[in-house]
Structures are given as structure tokens and as C-alpha cells.
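Biologist: Please put the model on screen. I have some questions about its side-chain pairs and its strands.

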Amino acid sequence: MIRIILAEDHTIVRNGIRSLLEVDAGFSVIGEADNGQKALDLLKDGLEADIMLVDLNMPGINGMELIEKLKQVAPLLKVVVLTMNDHEKYVVKAFQVGAVGYLLKKTSPNELLFAIRHIYEGGRYICNELCLRL
């Protein structure tokens, strides 16, 4: 079972992602946060996850700052960016600060599930749309 935390400030988006993931018995959303600080607090309170899906645009501690802090708080946690930001500079920066995956929110459900499994097994992933452009 792949244990996932969702860090996304839009409730309807977070609920949709959770619903999509929980259809598959191999995934369990074990925590949710609507900002970076709450995501950090979940880990500091002892929640153990395999993967965190992180939006870049969140209030307070944004996604990039969160990724940097996660490397100190939970160095084994695999961070996957799930965002609307499709500019190359965001992709490069996310990987520089510690992300192992970068997906656009318009990524298909099948690609999202594939990417999470691939990353869980030790890989890195950039969504197809960005790969073709980059």
C-alpha cells in the first residue's frame, strides 16, 4: 500500500485527487493539508507517508519552500509536484530542491497513477506533456 499525503489548498481539487487515488486499492491517502505548514505538522506529529503530492501555489509556505523543508523533516519521503505551473523554470527548480516527480494538473488519471507507482519504486517522473516540450 502506497501511503500518500496531499498538500493542496483547493478543497475541491484535493477531494478529487483523493477520490481518484482511493479507487485503487494500492493507494491510501493518509493525510491532507491545505498549506505547507500543515503538511509539515502532519509529519512532525508522526504521520509516516511514502509520497507527498504538493501544489506549488499555496498560502504561507509555498510548494518550493515545503519541498526544501521536507528534505530536513522527512528525508525518505518522495515528493511529487502536482501543479498548473508548466514553465521550465518551475520544473528545474522543483527537482533542484528535492522533488522526484513533476505533473501538471491536467495530466490524465492513468498517468498520475502510473507516475506515483513509478516514483514509489524508485524512479523519477515528468509528465508526458512537459517531456515533449522540454
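What follows is a set of short questions and answers on this predicted model.

Modeller: Ground rules come before the questions. This is a predicted model, where local features need pLDDT of at least 70, side-chain atom pairs count only at pLDDT 80 or more, and totals for chains, interfaces and linings use all residues. Residues are numbered from 1 along each chain as its sequence is written, and side-chain values use heavy atoms, with hydrogens and water left out.

Biologist: How many salt bridges does a search of the whole structure find?

Modeller: The criterion is a side-chain nitrogen of Lys or Arg within 4 Å of a carboxyl oxygen of Asp or Glu. Applied to the whole structure, the search gives a total of eight.

Biologist: Which residue forms a salt bridge with R3?

Modeller: In this pair the closest N and O atoms are 2.9 Å apart. The partner of R3 is D50.

Biologist: Why does the pair of R3 and D50 tie together separate parts, and how many residues apart are they in sequence?

Modeller: Elements here are DSSP runs numbered from the N terminus: helices are H or I with at least four residues, strands are E with at least two. R3 lies in strand β1 (residues 2-7). D50 sits in the loop between α2 (36-44) and β3 (51-54). The salt bridge therefore joins parts whose separation in sequence is 47 residues.

Biologist: Is D50 buried or exposed?

Modeller: Buried means under 20% relative accessible area, exposed over 50%, and partly exposed in between, with a 1.4 Å probe and protein chains only. R3 is partly exposed at 30%. D50 has a relative accessible area of 16%, so D50 is buried.

Biologist: What is the distance between the closest N and O atoms of E32 and R18?

Modeller: E32 is partly exposed at 30% relative accessible area. R18 is partly exposed too, at 23%. The two form a salt bridge, and their closest N and O atoms are apart by 2.4 Å.

Biologist: Where in the chain is R18?

Modeller: The pair of E32 and R18 links distant parts of the chain, 14 residues apart. E32 is in strand β2 (residues 27-33). R18 is in helix α1 (residues 11-22).

Biologist: Which residue forms a salt bridge with D34?

Modeller: D34 is partly exposed, at 28% relative accessible area. Its partner is also partly exposed, at 41%. The closest N and O atoms are 3.1 Å apart, and the partner is K38.

Biologist: With which side chain does the side chain of E8 make a polar contact, and at what distance?

Modeller: E8 lies in the loop between β1 and α1 and is buried, at 3% relative accessible area. Salt bridges that share partners join E8, D55 and K105 into one network. A polar contact is a pair of N or O atoms within 3.5 Å; within protein, one must be able to donate a hydrogen and the other to accept it, and residues adjacent in sequence count only if both atoms are side-chain atoms. For E8 the contact is with K105, at 2.8 Å.

Biologist: Which residues form an aromatic pair, and how are they arranged?

Modeller: Rings of Phe, Tyr and Trp (its six-membered ring) pair if their centres lie within 6.5 Å; planes under 30 degrees apart count as stacked, over 60 as edge-to-face and the rest as tilted. The count comes to one aromatic pair. The centres are 5.8 Å apart and the planes make 65°. The pair is F114 and Y125, edge-to-face.

Biologist: Is Y125 buried or exposed?

Modeller: F114 is in helix α5 (residues 109-120) and Y125 in strand β6 (residues 125-126). F114 is partly exposed at 48%. Y125 has a relative accessible area of 11%, so Y125 is buried.

Biologist: In what order do the six strands form the sheet?

Modeller: Two strands pair if DSSP finds at least two bridges between them. β3 and β4 pair over four bridges, in the parallel sense. Four bridges also join β4 to the parallel strand β5 (residues 101-104). The sheet is open, its pairing is parallel, and the order is β2-β1-β3-β4-β5-β6.

Biologist: Why is one side of β2 and of β6 left without a neighbour in the sheet?

Modeller: Both strands stand at the edges of the sheet. Each is left with one free side because each has a single partner strand.
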